[in-house]
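Here is a friendly walk through one protein model, written for someone who would rather picture the fold than read a list of numbers. Have the viewer open and follow along.

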Amino acid sequence: MTDSAIEEVVTVAADHSAARRWHRIRVGVFAAWVVIICAVVVTTGVPTGRRAIAMMTVSGLAISRLGQGWRRLGQVVVDWLPFTLVLMAYDTTRGVATSIGLPVHEADVVGWERALFGGHVPTVWLQQHLYDPHHVFWYDALFTVVYCTHFAATPIVAAVMWLRDRTAWLFYIARVVLLSVGGLVTYVLFPEAPPWMAARDGVIGDPIARLPARGFVWLDAPQLRDTLDHAFRAGGNEVAAMPSLHVGFACLIAIFVAGRVRRRWWPVLWLYPALMGVALVYLGEHYVIDLLAGLAYAAAAHYALSWWERRRAARRADCTAAETRAVSSTPA
C-alpha cells in the first residue's frame, strides 16, 4: 500500500472517530436539554410565551448541528430568527385590538351561535352535562392537555420539518405566518368576547366557567395550573376569540401533514383539531362559529399560498424556457 493510500485510510478513520465522538456529544447534550426543559415545566409551569418557546426550539435545533461547523450552526439562527420575530411581534401587537376601541361583539355572536344550534349555546350544554364544580374528571385533564398542546404543536412540527426537509419547512412556516397575520387583523377589526366573558357580562343567562387549567387538578399538578391561570391574568387580548387560532393551527398541521402521509392516517390527523375544538367549547374559550372560522382561515392560508407557489413556479418555468430558446437560437 502506498503512503498516500495509508494517509487516506488514516484520515477516513479519524473522520469516523470524530463523527462518533460528536454524535455522543450531541446525544448527551440533548439528554441534558430534555432534563432542563422538564425541570422548567415542573417548577415554573407550561411555557406559553412565544419567546420562551422559541428559545427552547432554537436551542434544541442547535444541538443537532454541534460538530458540523459554524456555518451549519449559524443556519439555525438565520432560518428561525425571522419567524421568531414575526410571532413575537404578533404577541406584542395583540394589544392593538383593545387600544383602537372598536365595540366588542357579544350579543350578536351569541345570537349567531343560537341560530346555528336551535336556540342553544353548545358551551352551556357541554358544561351542564360534563362540568361538576366539586369534582374533576379524567376528561377535564384530557381537555386541558389538548388545549395546552397548542403552545408546542406548531413549533414541534416546524422543527421536525426543518430537520427533515428545509423546503417543506419554508412552505409550512409561510402558512403559519400568514395565518397569524390573518388572525391578528381580525382580532383588531372584530373583537369578540368568548363564551365565559359573555356569561359574566349577562349576555348569556346561564353560568359559564372558564376551565382551561382545571384538568391539572386531576393530574395533581397545581404548579402547572397556577402558571396557566397567571398567564391568563397577565395575558394580552381577552377578546381575541374570532377566529380560533387554536383550531386554525391544529387544522394547518393536519392539512400540511396529510400531504406527506398515507390516506389511512388522515382520520388520526383530523382527530387532533376535532378534539381541540370540543375542548375549546367545553372549556368556555370559544364558540363553534369561532372554530369554523379557524378552519376557514387555515384552509385559506394554505390554498392561497399554494396558488401563489404554483404561479411562481410556472413563471420560473416560462423564464427558463425563454432563456433556453434564446440560447438555442443564437448563431454559433
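Let's begin at Thr123, which sits in helix H6. Is Thr123 buried or exposed? Its relative accessible area is 0%, so Thr123 counts as buried. Setting aside neighbours within four places in sequence, Thr123 is in contact with Pro195, Ile208, Val281, Gly284 and His286. The helix around it is also a good place to start for another reason: this is a predicted model, and helix H6 (residues 122–130) has the highest mean pLDDT among the elements of the chain, at 96. At the other end of that scale is helix H4 (residues 96–100), with the lowest mean pLDDT, 62. For the chain as a whole, the mean pLDDT is 82, and 80% of the residues reach 70 or more.

**The overall picture**

Stepping back, how many helices and strands does the chain have? There are 14 helices and zero strands, and reading along the sequence gives the pattern α-α-α-α-α-α-α-α-α-α-α-α-α-α. The chain has 332 residues, and buried residues make up 40% of them. On the outside, about 18300 Å² is exposed, with carbon and sulfur atoms supplying 67% of that area. Contacts reach across the sequence as well: of those between residues at least 6 apart, 81% join residues at least 24 apart.

**Some buried residues along the way**

Thr123 has company in being buried. The table gathers residues that carry this label, each with its helix and its relative accessible area.

| Residue | Helix | Relative accessible area |
|---|---|---|
| Thr123 | H6 | 0% |
| Cys148 | H7 | 10% |
| Gly60 | H2 | 15% |
| Val257 | H12 | 19% |

Why does Val257 count as buried? Its relative accessible area is 19%, and buried means under 20%, so Val257 falls within the cut-off.

Cys148 belongs to helix H7, which spans residues 138–164. Not counting residues up to four places away in sequence, Cys148 touches Phe216 and Leu228. Where the chain comes back past this residue, you can find His246: the two are 98 residues apart along the chain, with their C-alpha atoms separated by 9.5 Å.

Val257 offers a similar view from helix H12. Leaving aside neighbours within four places in sequence, its contacts are Met161 and Leu269. Val257 and Tyr172 are 85 residues apart in sequence, while their C-alpha atoms are 9.6 Å apart in space.

Just before helix H12 there is a detail worth finding in the viewer. Pro243 is in the loop between helix H11 (222–233) and helix H12 (245–258). A cis peptide bond joins Met242 to Pro243, with omega at about 0°.

**A pocket and a cavity**

Rolling a probe the size of a water molecule over the atoms shows where empty space is left. Two such spaces are described here.

The second largest pocket holds about 600 Å³ of space. Its lining is made of 25 residues, and Trp33, Met56, Thr57, Ala152 and Ile156 are the ones nearest its centre. Which elements give two or more residues to this lining? They are helix H1 (3–44), helix H2 (50–63) and H7. H7 provides the largest share, nine residues. By character, the lining divides into 20 nonpolar residues, four polar and one charged. Trp33, one of the residues nearest the centre of this pocket, also has a link to buried Gly60: the two are 27 residues apart along the chain, and their C-alpha atoms are separated by 7.1 Å.

The structure also holds one cavity of 30 Å³ or more, with a volume of about 30 Å³. Its lining consists of Thr149, His150, Ala153, Thr154, His246, Phe249, Ala250, Ile253, Tyr272 and Met276. At least two of these residues come from each of H7, H12 and helix H13 (266–282). Six of the lining residues are nonpolar and four are polar, with no charged ones. His246 may look familiar, as its C-alpha atom was the one separated by 9.5 Å from that of Cys148.

Technical notes. Residues numbered from 1 in each chain as written. Predicted model: local features only at pLDDT ≥ 70, side-chain atom pairs only at ≥ 80, totals over all residues. Heavy atoms only, no water. Helix = DSSP H or I, 4+ residues; strand = E, 2+ residues; numbered from the N terminus. Buried < 20%, exposed > 50% of the residue type's maximum accessible area, 1.4 Å probe, protein only. Contact = heavy atoms within 4.5 Å. Areas by Shrake-Rupley, 256 points an atom, 1.4 Å probe, with all protein chains shown as cover. 1 Å grid on protein atoms, 1.4 Å probe; cavity = no way out; pocket = protein on both sides within 12 Å on 5 of 7 lines; lining within 4 Å. Points joined across faces, edges and corners; volume = space filled by probe spheres on them. Nonpolar A, V, L, I, M, F, W, Y, C, P; charged D, E, K, R; others polar. pLDDT = per-residue confidence, 0-100.
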